[in-house]
Amino acid sequence: MIEKAHQILKEYYGYDNFRGGQENIITSILEKKDTVAIMPTGAGKSLCYQVPALLFEGVTIVISPLISLMKDQVDSLEDIGIPATFINSSLSVSETNRRIDGVNQGKYKLLYIAPERLENEGFAELIKGLEISLVAVDEAHCVSQWGHDFRPSYRYIFSFIKQLPQRPTIAAFTATATEEVKNDIIHLLRLYKPNLFVTGFNRENLFFSVVKGENKKDYILDYARSHKNQVGIIYAATRKEVETIYKELKQIGLKPAKYHAGLGTEERKRNQDAFLFDDANIMVATNAFGMGIDKSNVRYVIHFNLPKNMEAYYQEAGRAGRDGEPSECILLFGPQDVMIQKFMIEQTVMAPERKRNEYNKLQEMVDYCYTPNCLRKYILEYFGEENIPDSCGYCSTCTNDSELVDITEDALKIFSCIFRLKERFGSTLVAQVLKGSKNKKIIELGFDRLSTYGIMSQYTEKEIRDIINVLVADGYLNLTSGQYPILKITAKSVNVLKNGEKVYQKVHKKKDNLIEDNTLF
Ligand code: ADP
Ligand code: ZN
């Protein structure tokens, strides 16, 4: 059968080879095994059910929630000579009936339907004479309340299938890989001993990096300046941050656009168009930006803040390099970001179990920032792929373009200051004491008499806070949660204080070729 599948691939689609994973999925479906395929958008899942549809007797039903895309899908199938049709609420009753007649006369190999159709008890009756070999469930995570877009009508899929005279093979497709969603798909669709495939998550042309302990604003301005002719997206957590970054990029003469939910529909559209049609080459946005955006030449995606989980991160970062050209995905990590995300979880009303789940996913996002191992491996394992090499050679861990700088001396000063302050204050005050600030509060509290007062006066307060951030990010210090986070010493810093262990900071080597264009002459 798989040879025939190859023939179809060539004959109808004009492709020479299946992509990684497609062949295994198709084989599983052709063997009439229930199948769950987890693949990211764009990995080529449509082929995985379309090819078997052509090889099976009778018709394949495709359940898809994306009414707006159904017509396009069916049109492009017809373009390549595959008879297909769709039924959804956009059609008149008479047109719907005409199509159902067509299906019953065996005119089509694929029938796309919206899940709402299945709520209508009569639907199974209408097509009861049909031979249905395969039911392909697209966006199968919609069946789960754990997913990001639960669709109650997906719960009718099973009762629909139960009414059919003969149980078809069921193939479920989704880009969401979490355990909860996967289990829901298997149980709520009553899949029978399904084969599970996770594939297509690797994006070879994307260079992943995590940058810790740098001044994030400076980093972005430097980066944007030294890549000023390239197209990029900068994601920030809040509207306010989007506005400031946008303004600062503009001030240094670059061409940014901005996008967030606080802007009117018209302005959003205008800004988005400016970006799509190259009037602006940097999009500064909240996560409201990107759905359905297909700009292929995005050379970098920088995250100014930590996203809430790996799914969100990978989806946003994945907007880089759609054209297959080398592109960068940079995540700027600051410990305060964890606070922001925790705060957002706390603010949202949800069941305790769900809250715990959100916290766990946030933790896995934080772990990505801390992992000393290959970032690509971390990502692919997160999504459930197997047999991933230890080193990809194309991420900030594997290329290790950073050098370690010994910051033990500064770290010791910071630790002892926190110690003298009895671990009761946050980084602002600690930095002020170390700087030797004449701030009224410092004097009133008598902190100018501490032995650590002014021992880091060669730095600015901000520089001291940056070093503190590095120490937090690397686990030497803890920040308590709450509105006013307090710095605490950890076991790791006790090792430095008592056992003379050294503290290093990873610093990116300055690249000589990144001199600003206008200084060349
Ligand atoms: P998904 O549904 O997973 O988002 P699609 O099925 O729309 O992705 O496929 C994305 C693109 O990849 C389409 O343009 C499709 O034609 C192309 N594609 C899929 N499989 C192959 C293949 N084996 N070889 C080349 N191109 C492919
Ligand atoms: Zn790597």
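Select isoleucine 61 and leucine 111 to begin: in this predicted model, isoleucine 61 stands opposite leucine 111 of strand β4. Helix α2 (residues 22-30) may be selected next; this helix packs on the sheet, where it touches β1 (35-38), β5 (132-137), β6 (169-174) and β7, and its direction makes about 165° with that of β1.

**The seven-stranded sheet**

Now display the whole sheet, which is open and has seven strands in the order β3-β4-β2-β5-β6-β1-β7, with parallel pairing. At its edges lie β3 and β7 (195-198), each of which pairs on one side only. From one strand to the next, the twist averages 15°.

Return to strand β4 (residues 110-113) and show its side chains. Leu110 and Tyr112 point one way, Leu111 and Ile113 point the other way, and all are buried. In general, the side chains of a regular strand alternate between the two faces of the sheet.

Select strand β2 (residues 59-63) beside β4. The two strands run parallel and are paired over four bridges; valine 62 is placed opposite tyrosine 112 of β4. Then select strand β3 (residues 84-87), which is also parallel to β4 and is joined to β4 by four bridges. Here alanine 84 faces leucine 110 of β4. The route from β3 to β4 passes through helix α5 (residues 93-104), and this β-α-β crossover is right-handed. Helix α5 lies across β2, β3 and β4, and runs at about 140° to β3.

**The ligand**

Centre the view on ligand 1. It is surrounded by 13 residues, the closest of which are Tyr15, Thr41, Gly44, Lys45 and Ser46. Colouring the shell around ligand 1 by residue class will show five nonpolar, six polar and two charged residues.

**The six-stranded sheet**

Move on to a second selection, an open sheet of six strands in the order β8-β13-β12-β9-β11-β10, again with parallel pairing. Its edge strands are β8 (206-212) and β10 (256-259), and each pairs on one side only. Neighbouring strands of this sheet are turned against each other by 15° on average, direction ignored.

Select isoleucine 233 in strand β9. Which residue is the bridge partner of isoleucine 233 in β12? The partner is valine 301. Strand β9 (residues 231-235) and strand β12 (residues 298-303) run parallel and are joined by five bridges. Towards β11, isoleucine 233 stands opposite methionine 283, and β9 and β11 pair in the parallel sense over four bridges.

Strand β11 (residues 282-285) is covered on both faces: Ile282 and Val284 on one side, and Met283 and Ala285 on the other, are all buried. Methionine 283 is also the bridge partner of alanine 257, and β10 runs parallel to β11 with four bridges joining them. Adding α11 to the selection completes a right-handed β-α-β unit made of β10, α11 and β11.

**Histidine 260**

For the last stop, select histidine 260, in the loop between β10 and α11 (265-276). Is this histidine 260 buried or exposed? Histidine 260 is buried, because 21 other C-beta atoms lie within 10 Å. Leaving aside residues up to four places away in sequence, histidine 260 touches Arg239, Val242, Ala285, Thr286 and Ala288. Finally, add arginine 203: its C-alpha atom is 27 Å from that of histidine 260, and the two residues are 57 residues apart in sequence.

How values were computed:
Residues are numbered from 1 along each chain as its sequence is written. Chains are lettered from A and ligands numbered from 1 in the order in which they are written. This is a predicted model: local features need pLDDT of at least 70, side-chain atom pairs count only at pLDDT 80 or more; totals for chains, interfaces and linings use all residues. Two strands pair if DSSP finds at least two bridges between them. Axes are lines fitted to C-alpha atoms, for helices over the stretch in contact, and angles run from 0 to 180 degrees between N-to-C directions. A residue is near a molecule or strand if its C-beta atom, placed from the backbone, lies within 6 Å of it. Ala, Val, Leu, Ile, Met, Phe, Trp, Tyr, Cys and Pro count as nonpolar, Asp, Glu, Lys and Arg as charged, and the others, Gly among them, as polar. A residue is buried if 20 or more other C-beta atoms lie within 10 Å of its own, exposed if 12 or fewer, and partly exposed in between; C-beta atoms are placed from the backbone. A crossover is right-handed if, with the strands pointing away from the viewer, the path from the first strand over the helix to the second runs clockwise. Two residues are in contact if their C-beta atoms, placed from the backbone, lie within 7 Å.
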